[in-house]
Amino acid sequence: MPSKSPKPPPLTEHERAVILAMVADGLGCREVAREVGRSPAMVSRVARRAGLTFPRASWTASAAAARRNDLAWQRTLREEAIMRQIDRHFQAQGDLRTAPSAHVLAEALAVGLTVDQLVCIYYQTQRYWERP
């Protein structure tokens, strides 16, 4: 039967004071654990018992903001790709003068229309307005 790893020695008052000072300075749990040579669970327990918390809220907020920026950038790239695809469609038809304007396309994309749906609707409305 494999033997268990030996239990680490108890924390000294000096180690506890160092941990609390580092946490109070805003260092993260794993960073403090690496510096002191103890497990993150031990560091977290010491901080929790002293009523200290780790600065996760600011990290979470900045991560959420970065995610929103990434999604906005991806949406812009996707819209530009769709605009290029629509331009190619109208160029292939030789019908650039009747191509829809950018704001019309942006509104259609915001609603969630696909390129095929947009082109189909566009041609239907063109035929409607050109009727005698």
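1. In which helix is Ala21 found? Ala21 belongs to helix 1. The model is a predicted one, and the points below should be read as statements about that model.

2. Ala21 counts as partly exposed, because its relative accessible area is 39%, and the partly exposed class lies between the 20% and 50% limits. Ala21 and Val32 are 11 residues apart along the chain, and their C-alpha atoms are separated by 9.8 Å.

3. The length of helix 1 is consistent with its residue count: at 1.5 Å a residue, its 12 residues should span 16 Å, and the end C-alpha atoms are 16 Å apart, which agrees.

4. The buried residues of helix 1 are Glu15, Ile19, Met22 and Val23. They lie on the same side of helix 1, because the arc they cover around the axis is only 100°. The face turned away from this buried side carries the exposed residues Glu13, His14 and Ala24. Helix 2 and helix 3 are among what covers the buried residues of helix 1.

5. Glu15, also in helix 1, deserves a separate entry. Its relative accessible area is 19%, and the limit for buried is under 20%, so Glu15 is classed as buried. Leaving aside residues up to four places away in sequence, Glu15 touches Pro10 and Arg38.

6. Helix 2 covers residues 29-36, and its buried residues are Cys29, Val32 and Ala33. These share one side of helix 2, because they cover an arc of only 100° around the axis. Arg30, Arg34 and Glu35 are exposed on the other side. The cover over the buried residues of helix 2 includes helix 1 (13-24) and helix 3 (40-49).

7. Two glycines follow these helices with positive phi. Gly26 comes just after helix 1, with phi of about 100°. Gly37 follows helix 2, and its phi is near 85°.

8. The largest nonpolar core has 12 residues, among them Leu11, Ile19, Val32, Met42 and Phe54. Helix 1, helix 2 and helix 3 are the elements that give two or more residues to this core. Helix 3 provides the largest share, 4 residues.

9. Which residues does Leu11 touch, not counting residues up to four places away in sequence? The contacts of Leu11 are Arg16, Ile19, Arg38, Met42 and Val46. Of these, Ile19, Met42 and Val46 are listed in the largest nonpolar core, as is Leu11 itself.

Notes. Residues are numbered from 1 along each chain as its sequence is written. This is a predicted model: local features need pLDDT of at least 70, side-chain atom pairs count only at pLDDT 80 or more; totals for chains, interfaces and linings use all residues. Side-chain values use heavy atoms; hydrogens and water are left out. Buried means under 20% relative accessible area, exposed over 50%, partly exposed in between (1.4 Å probe, protein chains only). The arc is that of the directions from the helix axis to the C-beta atoms. Contact means heavy atoms within 4.5 Å. A nonpolar core is a set of buried Ala, Val, Leu, Ile, Met, Phe, Trp, Tyr and Cys residues joined through side-chain atoms within 4.5 Å. The expected span of a helix is 1.5 Å times one less than its number of residues.
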